[in-house]
Protein chains: 4
Amino acid sequence: MIIVMKLGVEQSQVQETIDRIKELGFNTHLSQGQNRTIIGIVGDVSSIDESEVERLRATPYIEEVVRVSKPYKLVSRDFNKEDTVIKVNGIEIGGKKIVVMAGPCSVENKDQILNIAREVKKSGATLLRGGAFKPRTSPKDFQGLGEEGLKFLLEAKEETGLPIVTEVMDTRDVELVSEYADILQVGTRNMQNYALLKELGKIDKPVLLKRGMWATLKEFLGAAEYILAGGNQNVMLCERGIRTFSDFTRNTLDLSIVPVLKAESHLPVIVDPSHGTGRRDIVKPMALAAIACGADGLTVEAHTNPQKAISDADQTISTADLHSLMGEIKYISRMFGRDI
Amino acid sequence: MIIVMKLGVEQSQVQETIDRIKELGFNTHLSQGQNRTIIGIVGDVSSIDESEVERLRATPYIEEVVRVSKPYKLVSRDFNKEDTVIKVNGIEIGGKKIVVMAGPCSVENKDQILNIAREVKKSGATLLRGGAFKPRTSPKDFQGLGEEGLKFLLEAKEETGLPIVTEVMDTRDVELVSEYADILQVGTRNMQNYALLKELGKIDKPVLLKRGMWATLKEFLGAAEYILAGGNQNVMLCERGIRTFSDFTRNTLDLSIVPVLKAESHLPVIVDPSHGTGRRDIVKPMALAAIACGADGLTVEAHTNPQKAISDADQTISTADLHSLMGEIKYISRMFGRDI
Amino acid sequence: MIIVMKLGVEQSQVQETIDRIKELGFNTHLSQGQNRTIIGIVGDVSSIDESEVERLRATPYIEEVVRVSKPYKLVSRDFNKEDTVIKVNGIEIGGKKIVVMAGPCSVENKDQILNIAREVKKSGATLLRGGAFKPRTSPKDFQGLGEEGLKFLLEAKEETGLPIVTEVMDTRDVELVSEYADILQVGTRNMQNYALLKELGKIDKPVLLKRGMWATLKEFLGAAEYILAGGNQNVMLCERGIRTFSDFTRNTLDLSIVPVLKAESHLPVIVDPSHGTGRRDIVKPMALAAIACGADGLTVEAHTNPQKAISDADQTISTADLHSLMGEIKYISRMFGRDI
Amino acid sequence: MIIVMKLGVEQSQVQETIDRIKELGFNTHLSQGQNRTIIGIVGDVSSIDESEVERLRATPYIEEVVRVSKPYKLVSRDFNKEDTVIKVNGIEIGGKKIVVMAGPCSVENKDQILNIAREVKKSGATLLRGGAFKPRTSPKDFQGLGEEGLKFLLEAKEETGLPIVTEVMDTRDVELVSEYADILQVGTRNMQNYALLKELGKIDKPVLLKRGMWATLKEFLGAAEYILAGGNQNVMLCERGIRTFSDFTRNTLDLSIVPVLKAESHLPVIVDPSHGTGRRDIVKPMALAAIACGADGLTVEAHTNPQKAISDADQTISTADLHSLMGEIKYISRMFGRDI
């Protein structure tokens, strides 16, 4: 970390700054040039609280504080050079194979989820997704079946063998959802629900962490860091579209984060072209583009009858389309030395 | 609600659509023009689930679904013509007087909060704000003092008489925080933490709901609707800046939402120029602008020694500046027939 | 077009509205339901000025005006079902082959552009790009070589046979640039420089129109419509990143516009992963993703010595990397039934 | 400027960097700490081309380049401590008085502009605005009356004495528009039309520069710098709303830029609450807020019959409302020691 003092800084102010750094337990290296005085901080500053940096920045005689090292650590590629491969019921996520999580937005009833699960299985997709607890913009909208929905998912798993991905929204539900699900999903709206992230750090089930639609790269990795810091190393990062002015899609799918996440972090990267676009008609091209830029997997909303889907009908593809999509994913995966 | 059918729609498809609407319990009015077939839905459609609208939109032979009425109801000015005035320890929020909530970002220790509370009281501000549970981007940053912080706030209240505003982040903490706080704050990151909103609908303490930094007007009002639908009518709406490309401020303070919220809803509107800008040097002009466009109050970060503040040092004003700010707020309030 | 009247509208107001539509030369179809009165407009409303629609929307007794048809016409797939294939010196853009435009951000001197052109040619890329007139954020930054730069580009073309793509920024330069260039580029900052667009409508050279970093889909197509309306049908649409809050890339490359543009319009679609990301390290994955979601071509900044490039050094790949990129593009193109 | 080298940099690389800086004509100050090597650059680096900084950043062994000084100079408050006051026909802009520019979006015909001008005069507003050359999203929309419109504006000026503000869009029209107008406006879409900015640098008429809806603070000031660098010091900076995800307004009016522009630059700051919101119903509160946070003036769309306005009907207030707005502006101006 480097502190650039303002022009005309007084010696006493330089000393005061050096003293503040020493109080934090670090040594300094002073450089007084013709124009500028610069204080370098010696050692691993990743333990310095971000608020301490803010305080330094807010000091009137300090021009700028340059934090060269990253504010996250455990999720970082510097910390763990090897790709993290997460194992779920014999499936590897983040390894050679591309994983595809498919299923309806919401679990609606037993027949619906069983029928869809069978089609998902047939298509060659590797996991079953479906919501039992649903975040909905309006309180009068369908809120999900709750535990009953989890039971239906489990039945579908027992019949098809597909592991289950489902969302958890409340710290009080983490234990319950863990009993049923193979992967717990944190939705975009809860990416910085720190109480929930801390709770998920305590369990041993893998977590699919969706990027907040407002989140910078740093904030996204910071959220994952919460879960790893709690002791749970099995986190997948999921790009699902961000909020921008652009209005022909529901969100703007930010695929460029995929290669950057793969470089910055050792965690697997999943892309959600359904929420990321909100448009069924472009789910396939965006799914293929996601694989082409390096994603380890996809999560896709699919339904046997999309127009009757209880939620997200606009962006849900038919299970027939899922079959054809899986064929193309297989083909493009192999081009990149991977497979499904 | 109006359904516009695609050009060349078949009679059987029109009938199918009419049947779907009837299944929802509504009558229709059919209009077959030279070019277009339009189906009008008769009656109060506010009870129709948003997902039903999505399903209609996703139907291949439907061009567009126009929902003229609003998806929220209880928060709406149509539902309650009179301004909601929330009473907290004899203070009225949303009434004639402008309220100012001031205090540090975090409660750091007993002396700090007591000293600041005394200055807040002297300045003429009406409530004391301060965080005991802190949402922080990194897990290694200071997370707040928890219940101990709440106790310090209570001591400050007992000495100064200032009611307390503090954040709650976890459904499991709602009861605890309610015991100490006069107003419970929902932070921007939790605006769509529906489990938390539902829990806050069950209590009788007022709630300060901060706008999600990604939230549209409709989503913001939808989040408030969750609390009102649960039975708690005492909600304040707080604009605190949104995420945009603009980088000279931490967030972009969207003051234009103030007059629109006052027109659309009966709830009090508060503005946070500290988080809304992230810059101490422009807190004052933006605070005055907020009053000029109709805000009912402000929440401002103030500290006796901003450069030593544990968090948000960049945007915290000194209590000395708070004194001068209160003077200007008084002056501008009166211009608009209000006061402090 | 459909006009939804407000609840409680008076008969005289309905008649007034009908009269306004008739003045515009259209017939109406009136539908008076139990709740709502709706006026349908009969015929091809695409000739109605957008401002007329605004005026209707601003009328106090009108609730909403739904314009079902699109505000652009000539660029639309409805107007021309067949893909537009643009021919430039025997190269087809928008046909079976993927085109790659490569070269430096700026033409710096004769040797530089000749050396780079030779490498571009060897790599298998199909066109040479390079700026002679440069839009720069600061007036003291290098503004380009002007006509001398165009001459150097022409020499490079004569030696290598590569057609030239270069930017034009001023209506007064259109004639000059047309004498040298094979394709005239409109930069992102000039996407709604209507004077320039109109001038480009009058020439017969193809135009590469870059999306404004603030532009919606509708605005982008509206800008292209200006050129087509002037008589020049040879327009390529280029996605080059939009302005969002996300800060790990210079812009956010919005690849989802690629399949949507291909569906909405008959014009060829080009992607610029260099400006679209501002990061050399992810140009390759994003280039491949662009092809995977349906782009007809790419424009890529390449330099024999990127670190010495006069502009855009951050995002320029080496010509060595261009060679390897071309190999991968060839491979992925064939997967999609295309080629280079 | 400070260059932070990567960890483990070699001595030869440090020397190479020092040599590059010396080639640019600057001395360096080397600081080799325990962890980091830092190279400080001695002297006024504001003359260093931004592209040179980019090249340094793109160098593999350089971690970061910190440019402490600002990339713009002439527009900067550091360069000119005193507020620039622009005189137009005896009116001072940027002085004690708040100026209000009012009038229709477009000049439609002689009667329209004369009638509106009379009302503008009566209301106490100080300048007449109106478009003769109109930037329109679609080529079939009304493009303005051109020179005829300028003549009508001149007649309105002759009758009322109100100076004229009108937009120029094409370098070839600068001379013509200068003959009629007192202030030339650069629209948001042309903020980085550098050819136009350079042309405006050569004339002596004041320029009202609107912020690009995508422009950062730095880009906005950089655009103004172009005009000042050409020799024309009379530039006003106009905030008119930026592109964000928020959809209840046409643009998001970024009032927080007002106090920041006043601190960073000596140029007058104008706010446009009409385009900044796109909503007639909130023009007044946002106009007052603009004054409250320090704007030197406003530009407001007003029409004798807004519903018949040829363009921007949604956001145009009536001249009757303009009268009442002027009364409130007078009142709030005085509160801030100003007047109208």
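A salt bridge is a side-chain nitrogen of Lys or Arg within 4 Å of a carboxyl oxygen of Asp or Glu. The model is predicted: local features need pLDDT of at least 70, side-chain atom pairs count only at pLDDT 80 or more, and totals for chains, interfaces and linings use all residues. Residues are numbered from 1 along each chain as its sequence is written, chains are lettered from A and ligands numbered from 1 in the order in which they are written, and side-chain values use heavy atoms, with hydrogens and water left out.

**View 1. The interface of chain A and chain B.**
Six salt bridges are counted between chain A and chain B. One of them joins E54(A) to R250(B), with 3.8 Å between the closest N and O atoms. There are also 23 residue pairs in polar contact, both residues at pLDDT 80 or more; a polar contact is a pair of N or O atoms within 3.5 Å, where within protein one must be able to donate a hydrogen and the other to accept it, and residues adjacent in sequence count only if both atoms are side-chain atoms. Helices α2 (50-57), α6 (194-201) and α7 (217-229) of chain A each supply at least two residues of the side that touches chain B. (Helices, H or I, of at least four residues and strands, E, of at least two are DSSP runs, numbered from the N terminus.) The largest share of that side, six residues, comes from α7(A). The side of chain A that touches chain B divides into 19 nonpolar, 15 polar and 23 charged residues; Ala, Val, Leu, Ile, Met, Phe, Trp, Tyr, Cys and Pro count as nonpolar, Asp, Glu, Lys and Arg as charged, and the others, Gly among them, as polar. The two chains bury about 4,500 Å² between them, with 46% of it on carbon and sulfur atoms. Buried area is the accessible area (1.4 Å probe) that two parts lose on being put together, summed over both.

**View 2. The interface of chain A and chain C.**
Here the contact (heavy atoms within 4.5 Å) takes 36 residues from chain A and 36 residues from chain C. The buried area is about 2,800 Å², and carbon and sulfur atoms give 78% of it. On the chain A side, F245(A), F248(A) and M335(A) lose the most area to chain C, together 24% of what that side buries. The rule finds zero salt bridges across this interface, and two residue pairs are in polar contact. The helix that gives the most to the chain A side is α10(A), with five residues.

**View 3. The axis relating chain A and chain C.**
A turn of 180° and a shift of 0.0 Å along the axis lay chain A on chain C with an RMSD of 0.0 Å, by least squares on the C-alpha atoms of residues with pLDDT of at least 70 in both. That is the relation of a two-fold axis. In chain A, the C-alpha nearest the axis belongs to A289(A), 2.1 Å from it.

**View 4. The surroundings of S333(B).**
S333(B) is found in helix α11 (residues 319-335) of chain B. Its relative accessibility is 0%, so S333(B) counts as buried; buried means under 20% relative accessible area, exposed over 50%, partly exposed in between (1.4 Å probe, protein chains only). Leaving aside neighbours within four places in sequence, S333(B) is in contact with I98(B), I291(B), R338(B), D339(B) and I340(B).

**View 5. The surroundings of R36(A).**
R36(A) lies in the loop between β2 (27-32) and β3 (37-42) of chain A. At 17% relative accessibility, R36(A) counts as buried. The side chain of R36(A) reaches the backbone oxygen of M5(A) at 3.3 Å.
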